Amino acid sequence: MICIRRVYLISVLLLLAIFAIGCVQQSKPEVKEVSTPEEQGAHEESHTEAVVVNEGEPSVTVNLKNFQFEPSNIETEKGQIVEFKNIEGKHTVTILESGHDEPLVDVVLTEDQSVLVKFNEQGSYDLVCRFHENAGMVGKIVVI
Ligand SMILES: [Cu+2]
C-alpha cells in the first residue's frame, strides 16, 4: 500500500514538474524579430546597380506620403545615394531596372523608417510601392 502511494506521489510530482516546465516555456515572452530596412536589404547586396547602404550622405530625399513618392521623378548621378523617407503609412520601396521583373531593391518601410539606396550604374529605373502601385504610387529614377 505504501509502495503504491509512493509511486502515485512520484507520478503526481513528475506531472507537476512537467506542467511547471510547460508553463515556464509558455510564459516566456515572445521575442519578435524586428528587422531594420538595412537588414531587409542585406540580401540585396548581390545586385550592383542599386544597393541598400547603411550610411552615406543622400543627394536626394524622396518622401513617401499621400500614396505618392515626392518627388516621383528623380535624377541622380552614378554613385550617389537616394534617401527614401516614409512619412506616413506602410509602403515599399521597390526599385526595378526598367524592363525587368526582378526588383533590385525591395524594402518595406513603416512610418518614420527610411532607407538609403546607392545607384552604381547609369540607367533608368522604375520606382514602385507594391502596396499602392494601382493607386499610382510609382516613380522614375534616372541615373546619369
Ligand atoms: Cu505605398
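Two strands are taken to pair if DSSP finds at least two bridges between them, and β2 and β3 pair on that basis in the antiparallel sense, over three bridges. The model is predicted, and the briefing below covers its two open sheets, one with the strand order β1-β8-β5-β2-β3 and one with the order β4-β10-β9-β6-β7, before turning to the largest nonpolar core, which has 26 residues.

**Sheet β1-β8-β5-β2-β3**
- This open sheet has five strands with mixed pairing, and its edges are β1 and β3 (68-70), each of which pairs on one side only.
- Neighbouring strands of this sheet are turned against each other by 30 degrees on average, with direction ignored.
- Where β2 meets β3, the bridge partner of L64 is F69 in β3.

**Sheet β4-β10-β9-β6-β7**
- Five strands form this open sheet, again with mixed pairing, and the edge strands, β4 (73-76) and β7 (105-109), each pair on one side only.
- The twist from one strand to the next averages 20 degrees.
- Strands β6 (residues 91-97) and β9 (residues 123-128) run antiparallel and are joined by four bridges, and the bridge partner of I95 in β9 is L127.

**Nonpolar core**
- The residues with the most contacts inside the largest nonpolar core are A50, F84, I95, V105, V115 and V117.
- Elements giving two or more residues to this core include β1 (50-53), β5 (81-86), β6, β7 and β10 (138-143), while the largest share, four residues, comes from β8.
- Leaving aside neighbours within four places in sequence, V117 is in contact with A50, V51, V52, I81, V82, F84, I95 and V105.

Notes. Residues are numbered from 1 along each chain as its sequence is written. This is a predicted model: local features need pLDDT of at least 70, side-chain atom pairs count only at pLDDT 80 or more; totals for chains, interfaces and linings use all residues. Axes are lines fitted to C-alpha atoms, for helices over the stretch in contact, and angles run from 0 to 180 degrees between N-to-C directions. A nonpolar core is a set of buried Ala, Val, Leu, Ile, Met, Phe, Trp, Tyr and Cys residues joined through C-beta atoms within 7 Å. A residue is buried if 20 or more other C-beta atoms lie within 10 Å of its own, exposed if 12 or fewer, and partly exposed in between; C-beta atoms are placed from the backbone. Two residues are in contact if their C-beta atoms, placed from the backbone, lie within 7 Å.
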